[in-house]
Amino acid sequence: MDATSAKLGQGRGVIERYREYLPVSDSTPVISLGEGDTPLVHCPQLSKRVGRACDVFVKNEGVNPTGSFKDRGMTVAVSKALERRASTLVCASTGNTSASAAAYAARAGISCTVILPVGKIAIGKLLQAFVYGARIVAINGNFDDALRIVRELGERNAFTIVNSINPDRIAGQKTAAFEIVDRIGDAPDFHLLPVGNAGNITAYWAGYREYHARQKSTKLPAMIGFQAAGAAPIFHNRVIEKPETVASAIRIGNPASWKQARAAIGESRGAIDTVSDEEIVAAQTWLARHEGIFVEPASAAAIAGFFKCCDSKEATCSFKKIPAKSRIVCTVTGHGLKDPDVIQEQMEELRPVAPTVNDVRRVLGL
Ligand code: F0G
């Protein structure tokens, strides 16, 4: 890396790291914020829940530059858009895609329009789209309506769509699977993740297959996807007209990559299952308190799903009889600070006391 590219912060990021696997050439301008290379955290408390000397890891995608996994795909999508001389990006979003698109567009010096379902975007994500300078259009509709509009805008106007229907997004996102294999020396036995528009499960499966084909791994994981109970079209095998869940990021009734997700689940001998809002919120707090990882509700769906696999008779995938020493990876997709509302509701109001040691001791019961 020369001094200039170091100064531009372009020495890191998934394009530099996995260039040979990505649709880029030497003439592609690299727009990167240093995404990827996220921690694969070994979780002793989760491992204990499965027992049988199994190891559970959490791939913490919330530490990406804009706080979600979307940055991996966005660096590739925006770099390719710039190479094709695009001037305006557009996306529909439940929040994270818009935050990421807005940031990478700002970095690239091009404009970005985001179409969002009104009232259903977590406050942190909305603030991100604003501060990075995106044009924000709120619609009286849900994500599925927003994506329909974006598809039309992409056809009729000079917009480059940066939703995961853009193959460059999927190409970038598959690097998360590469990182996992590079880190633990092989593919895991099970990979758990939340499913919304189904781009991520599609991307992980593509990544695992590609590495396996190149003999970087000896096996392929079973892909286990989790949808929120009120927004579970793939699980129920039908479009959900009015999806509802506390996990607003995966409040989607008609996922764009539905077929690809089905293929990933089928080919990997995986499963699709649902988790309730109560299970999601409980898992979110549990993960923060037991493993020190604070994730947003949609991400906690993977952890709630993990518990279901461990404990529930109704689970479509049970961990009760898996081989000893199995390795399980759960992807947590977004940072908890993006979506503080549910947690804030659980907090009691703080009542300040006088600034003396005695008063503080009294409160602590000492
Ligand atoms: N987790 C989070 C935090 C997300 O933001 C999303 C999707 C998912 C999981 C599901 O991933 O769609 O690839 O199946 N968010 C999109 C958005 C829809 O607009 O930010 P998926």
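This is a short walk through a predicted model, starting at the ligand and then moving out to a handful of residues worth a click.

**Stop 1: the ligand**

Select the ligand and show everything around it. You should pick up 20 residues, and the ones that come nearest are Ser93, Asn197, Ala198, Asn200 and Thr333. Colour that shell by residue class and you get eight nonpolar, ten polar and two charged residues.

Now turn on the backbone atoms and look for oxygen atoms of the ligand with a backbone N or O close by. At Thr94, a backbone N or O atom lies 2.8 Å from a ligand oxygen. Ala198 also puts a backbone N or O atom 2.7 Å from an oxygen of the ligand. Go on to Asn200, where the distance from a backbone N or O atom to a ligand oxygen is 2.7 Å.

How much of the ligand's surface does the protein bury? Taken alone, the ligand exposes 480 Å², and 98% of that is buried by the protein. If your viewer can draw cavities, switch them on here: the ligand sits in the largest one. Then go to cartoon view and find helix H5 (96–108) and helix H10 (199–213), the elements that each give two or more residues to the shell around the ligand.

**Stop 2: Ser299 and its partner**

Keep Thr333 on screen, since it is one of the residues that come nearest to the ligand. Next, select Ser299, which you will find in helix H14 (residues 297–311). The side chains of Ser299 and Thr333 are joined by a polar contact of 2.7 Å. Is Ser299 buried or exposed? Its relative accessible area is 0%, so Ser299 is buried.

**Stop 3: along helix H14 to Asp311**

Stay in helix H14 and select Asp311, which is found there too. With a relative accessibility of 45%, Asp311 counts as partly exposed, because that class covers the range between 20% and 50%. While you're here, add Val50 and draw a C-alpha to C-alpha distance: Asp311 and Val50 are 261 residues apart along the chain, and their C-alpha atoms are separated by 9.0 Å.

**Stop 4: two arginines with positive phi**

Have your Ramachandran plot ready for this one. Most residues other than glycine have a negative phi. Select Arg85, and you'll see a positive phi of about 60 degrees, although this residue is not a glycine. Arg85 is in the loop between helix H4 (70–83) and strand S3 (88–92). Its relative accessible area is 75%, so Arg85 is exposed.

Then jump to Arg269. Here phi is near 55 degrees, again a positive value in a residue other than glycine. You'll find Arg269 in the loop between helix H12 (258–267) and strand S9 (271–275). Arg269 has a relative accessible area of 75%, which means that it is exposed.

**Stop 5: a buried loop proline**

Where is Pro243? Look in the loop between helix H11 (233–236) and H12. Despite the loop setting, Pro243 is buried, with a relative accessible area of 1%. For a longer ruler, add Pro167: the two prolines are 76 residues apart in sequence and 26 Å apart in space, C-alpha to C-alpha.

**Stop 6: Glu179**

Select Glu179 in helix H9 (residues 175–184). This glutamate has a relative accessibility of 5%, so it counts as buried; the cut-off for that is under 20%. Bring up Pro221 as well, which is 42 residues from Glu179 along the chain, and you'll get 14 Å between the C-alpha atoms.

**Stop 7: Leu116**

Finish on a strand. Leu116 is found in strand S4 (residues 111–117). At 3% relative accessibility, Leu116 counts as buried. Add Asp145 for a last distance: Leu116 and Asp145 are 29 residues apart along the chain, with their C-alpha atoms separated by 9.3 Å.

Notes
Residues numbered from 1 in each chain as written. Predicted model: local features only at pLDDT ≥ 70, side-chain atom pairs only at ≥ 80, totals over all residues. Heavy atoms only, no water. Near = heavy atom within 4 Å. Polar contact = N/O pair within 3.5 Å; in protein donor to acceptor, adjacent residues only side chain to side chain. Areas by Shrake-Rupley, 256 points an atom, 1.4 Å probe, with all protein chains shown as cover. 1 Å grid on protein atoms, 1.4 Å probe; cavity = no way out; pocket = protein on both sides within 12 Å on 5 of 7 lines; lining within 4 Å. Sits in = over half its atoms within 2 Å of the grid points. Helix = DSSP H or I, 4+ residues; strand = E, 2+ residues; numbered from the N terminus. Nonpolar A, V, L, I, M, F, W, Y, C, P; charged D, E, K, R; others polar. Buried < 20%, exposed > 50% of the residue type's maximum accessible area, 1.4 Å probe, protein only.
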